[in-house]
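Trainee: Please pick one part of this model and take me through it closely. I would like the elements around it as well.

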Amino acid sequence: MQSVLNALRVLEEVAARQPIGVADLARAMELPKSTVQRALLTLHTAGWIRPASGTPTRWLVSTKALHVGRQATGELGLRDIAVPVMEELRRRTDETVHLAVPEGGNIVLIERLETSKPVRIILPLGQNLPAHASANGKALLAAGPAETVERYIADGLARFTDTSIVDPAGLRAELAEIRLRGYATNAGEWRDDVSAVAAAVVSETGVPVASISINVPTSRMTARSQVAFGAALREAAATVGAALGRAQGG
């Protein structure tokens with residue numbers, strides 16, 4: 001039983017820190033390197049992890065883990081509906097498009113379609129995004145109930161960069177603006193080099209179930225492109241929301 005628990009703990013750590021090697025995992029988990037190595041071998045044999053490209057001694061979570069996670073949370077149907085819409089957004093903008101979902105108080109990235117441009121934003125699938133410092137997170141907060149916003153604020157607003165919103169009143173005002181225009185923006189509030197625009201996908205019952213974002217290096221985001229991305233994302237999110245309603249028999 002202990003070996004199974006160790007393997008599951010190692011899988012969680014790889015997901016949180018990927019790509020990561022044996023020595024770093026052992027230090028983070030305070031386990032012997034031999035124990036971690038055995039767990040990695042087990043996970044690799046079972047297909048849950050894979051060596052990082054170009055660095056075979058460092059590990060990444062495989063798509064198997066993502067697939068199981070989607071099935072567990074019902075995200076597979078959402079992805080099937082959203083990806084064609086995301087493909088059209090990528091074709092129109094040639095920028096990276098993300099799909100994120102709220103999960104257990106977190107905002108989790110579950111799909112990514114990348115730009116063809118050499119300078120791009122690359123975030124791993126499964127990445128947790130800060131709700132108050134990411135476009136996806138703010139779009140979902142703005143579309144949700146006030147109680148969710150207040151619970152989030154009560155936990156404290158961490159500062160990630162100089163532009164992070166850490167004042168509760170400032171965040172409430174930002175969310176009010178998002179509700180009016182129908183999309184959220186992120187101007188380097190989580191990482192200085194990352195800017196984004198996002199819109200929430202809302203179910204027939206008015207619950208935000210996902211968000212779609214266009215993500216660019218901060219140096220490439222302009223006021224004009226921000227407005228254009230926002231309009232495209234409002235339309236895309238509404239299309240996905242309506243299709244989800246039809247798929248669920250609404």
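Mentor: Start with a yardstick: the expected span of a helix is 1.5 Å times one less than its number of residues. Keep in mind that this is a predicted model.

Apply the yardstick to helix H8, residues 168–181. H8 has 14 residues, and its first and last C-alpha atoms lie 20 Å apart, close to the 20 Å expected. Which residues of H8 are buried? They are Leu171, Glu174, Leu175 and Ile178. Viewed down the axis of H8, these buried residues fall within an arc of 100 degrees, so they line one face of the helix. An α-helix has 3.6 residues a turn, so residues three or four places apart point the same way. The buried residues of H8 pack against helix H6 (135–143), helix H7 (146–154) and strand E7. Just after H8 comes glycine 182, with a positive phi of about 90 degrees.

E7 leads us to the sheet. The sheet is open and has six strands, in the order E6-E5-E4-E9-E8-E7, with antiparallel pairing. Strand E6 (128–129) and strand E7 (184–187) stand at the edges; each has a single partner strand, so one side of each lacks a neighbour in the sheet. Strands of a sheet pair through backbone hydrogen bonds, either parallel or antiparallel.

Now go across from the E6 edge. Strand E5, residues 106–113, pairs with E6 in the antiparallel sense over two bridges. There, valine 108 stands opposite asparagine 128 of E6. E5 is joined to E4 by seven bridges, again antiparallel. Proline 102 has isoleucine 107 in E5 as its bridge partner. E4 and E5 form a hairpin with two residues between them. Glycine 104 sits in that turn and has a positive phi of about 55 degrees.

E4 is mostly covered, with six of its eight residues buried. What leads into strand E4 (96–103) from helix H5 (75–93)? A loop does, and aspartate 94 is found in it. Aspartate 94 has a positive phi of about 50 degrees, although it is not a glycine. Most residues other than glycine have a negative phi. Aspartate 94 has a relative accessible area of 25%, which makes it partly exposed.

E4 also pairs with E9, in the antiparallel sense, over five bridges. Leucine 99 has isoleucine 212 in E9 as its bridge partner. Serine 211 also lies in strand E9, residues 208–217. Is serine 211 buried or exposed? Its relative accessibility is 0%, so serine 211 counts as buried. The side chain of serine 211 makes a polar contact of 2.6 Å with the side chain of asparagine 136. Beyond its sequence neighbours up to four places away, serine 211 touches residues including His98, Leu99, Ala100, Asn136, Ala199 and Val201.

Finish with the helix across the sheet. Helix H9 (residues 223–247) lies across E7, strand E8 (194–202) and E9, at about 30 degrees to E8. The yardstick serves again. The 25 residues of H9 should span 36 Å, and its end C-alpha atoms are 36 Å apart, which agrees. H9 has many buried positions, among them Phe229, Leu233, Ala236, Val240 and Leu244. Glycines are buried there too, including Gly230, Gly241 and Gly245.

How values were computed
Residues numbered from 1 in each chain as written. Predicted model: local features only at pLDDT ≥ 70, side-chain atom pairs only at ≥ 80, totals over all residues. Heavy atoms only, no water. Helix = DSSP H or I, 4+ residues; strand = E, 2+ residues; numbered from the N terminus. Buried < 20%, exposed > 50% of the residue type's maximum accessible area, 1.4 Å probe, protein only. Polar contact = N/O pair within 3.5 Å; in protein donor to acceptor, adjacent residues only side chain to side chain. Contact = heavy atoms within 4.5 Å. Pairing = 2+ DSSP bridges. Axes fitted to C-alpha atoms, helices over the stretch in contact; angles between N-to-C directions. Arc of directions from axis to C-beta.
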